[in-house]
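Thanks for coming. I will go through a few local features of one model, starting with helix packing and ending with some loop residues.

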Amino acid sequence: MADYHQLFQEIDRLNEYELLAKKHFFSKGKFLNHAQLLYLIRYGVHLDSLDELYLPSALKEQEIIEKDLKEQFHRSGLSTEIFLPENSDFEVEQLLRYVELPEHFHEFFEMSFVFTGECQHWIDNELYIQKEGSIVIIPTMVKHKLVAVDNAVALTVKLKGDYLLGLHIPNMVSLVYPLLFECEVDSTIQNILLSLYDQQKKKLPYWNELCESLFSALFTYIFQTYRNGMQILVGGPIRDKKINEILNYMYENYQSISLKSVADHFCYNEAYFSRMFHQQTGITFTQALKKFKLQKAASLLRDKNWKLEYICDAVGYQDTRQFIRSFQQLYGITPGQYRKNHKFEQNKEKE
């Protein structure tokens, strides 16, 4: 049986990069940025002084690193092929402390769990405080940034979409908008995550099969125990839990619903429901539904070789030209270019 106390002590201990980042924080009064971290990783952690990070030659190289990253990932996001290990459907990592990674989006799902302290989680430019014991699940193509406050201890889990959705968890909600679960101190969740971390590190025989069972147990337990308190993070903190139920219904019926049909389903006057939805979520019903459809469409563009007309039909768009315009407004490129960029990144990885 795993020694959970020992495993927690292991992830609680600052690694060599975090120690440098902490030194930088107390010396300069700010976190290491991503380019500085990658510079340290490239040249080692044996720098005599962090002041070397600010030499002209080092600053120039950091600019190049940052520019390369933006050019590679700002359009199609962080790719599964590059950011998950080869031949693996998941990866469990410690959240680096005293380091501020930039806002990003990705093709895979990501789950974060805070063991101690709290984290600042920016999701679509809205700040949420992720407290001790809380879980946030970020679906594909959602911009976010997670930063540990002081010495908070957190784990993040990257999961391929097909893998997560293929776990066959009963009555799991549609994972299109970010979800927050306030679990407080729950030893079951903590121990499963620590076991996943341990199994991935040791890679003993059958570790992959065991991890799949653990992931299935973890998500089933979360939705069984905390579903009623689940918060859907869309446009800002939701004040009325009834909205969670409405959004979940929207996710499960998005192809065919309208403002009127949802209002009728929940016994609201249509005009009142429209105002209430906007007040509670910070966005209109139409904006929420459109974003859901386009995120689903982006997933299909990456994973399926379907014609554009078929994707439009699958996500509930009747007008292909309107779909292309809406997609371009959200992602900055056309659906065709989005698919082309994704295939280019895949082929580049295979070279």
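What is the handedness of the crossing of α7 and α8? The crossing of α7 and α8 is left-handed. Please keep in mind that this is a predicted model.

As background, a pair of packed helices is described by two things, the angle between their axes and the distance between those axes. For α7 and α8, the axes come within 10 Å and the crossing angle is roughly 160 degrees. The cut-off for roughly antiparallel is over 145 degrees, so α7 counts as roughly antiparallel to α8.

Now the residues in that contact. On the α7 side they are T188, I189, I192, L193, S195, L196, Q199 and Q200. On the α8 side they meet W207, L210, C211, L214, F215, L218, Y221, I222 and Y226. By class, the contact of α7 with α8 has 13 nonpolar residues, four polar and no charged.

Staying with this pair for a moment, look at the loop between α7, residues 187–202, and α8, residues 207–226. Y206 lies in that loop. Y206 has a positive phi, about 70 degrees, although it is not a glycine. For context, most residues other than glycine have a negative phi. Is Y206 buried or exposed? With a relative accessible area of 67%, Y206 is exposed, because the cut-off for exposed is over 50%.

The other helix pair I want to show is α2, residues 16–28, with α3, residues 34–43. Their axes come within 11 Å and cross at roughly 130 degrees. That angle falls in none of the parallel, antiparallel or perpendicular ranges, so α2 and α3 are oblique to each other. The crossing of α2 and α3 is right-handed.

Which residues of α2 meet α3? They are Y17, L20 and H24, and their partners in α3 are Q36, L37, L40 and I41. The residues of this contact divide into five nonpolar and two polar, with no charged residue.

Next, the strands. There is an open sheet of three strands in the order β6-β5-β8, and the pairing is antiparallel. The edge strands are β6, residues 126–130, and β8, each of which pairs on one side only. From one strand to the next, the twist averages 20 degrees.

Over how many bridges do β5 and β8 pair? Strand β5, residues 119–123, pairs with β8 over five bridges in the antiparallel sense. If you want a register point to find on the screen, C119 stands opposite A148 in β8.

Just ahead of β8 in the chain is a loop, between β7 at 134–138 and β8 at 144–148, and T140 has its place there. T140 is buried, because its relative accessible area of 11% is below the 20% cut-off. What is T140 in contact with, leaving aside its neighbours within four places in sequence? The list is H106, E107, F108, F109 and R302.

The last residue is Y98, in the loop between β2, residues 90–94, and β3, residues 99–100. Phi of Y98 is near 65 degrees, again a positive value in a residue other than glycine. Y98 is buried, with a relative accessible area of 5%. So of the two tyrosines with positive phi shown here, Y98 is buried, whereas Y206 is exposed.

That is all I have; I will take questions now.

How values were computed. Residues numbered from 1 in each chain as written. Predicted model: local features only at pLDDT ≥ 70, side-chain atom pairs only at ≥ 80, totals over all residues. Heavy atoms only, no water. Helix = DSSP H or I, 4+ residues; strand = E, 2+ residues; numbered from the N terminus. Buried < 20%, exposed > 50% of the residue type's maximum accessible area, 1.4 Å probe, protein only. Contact = heavy atoms within 4.5 Å. Axes fitted to C-alpha atoms, helices over the stretch in contact; angles between N-to-C directions. Parallel < 35°, antiparallel > 145°, perpendicular 65-115°, else oblique. Left-handed = near helix turned anticlockwise from the far one by under 90°. Nonpolar A, V, L, I, M, F, W, Y, C, P; charged D, E, K, R; others polar. Pairing = 2+ DSSP bridges.
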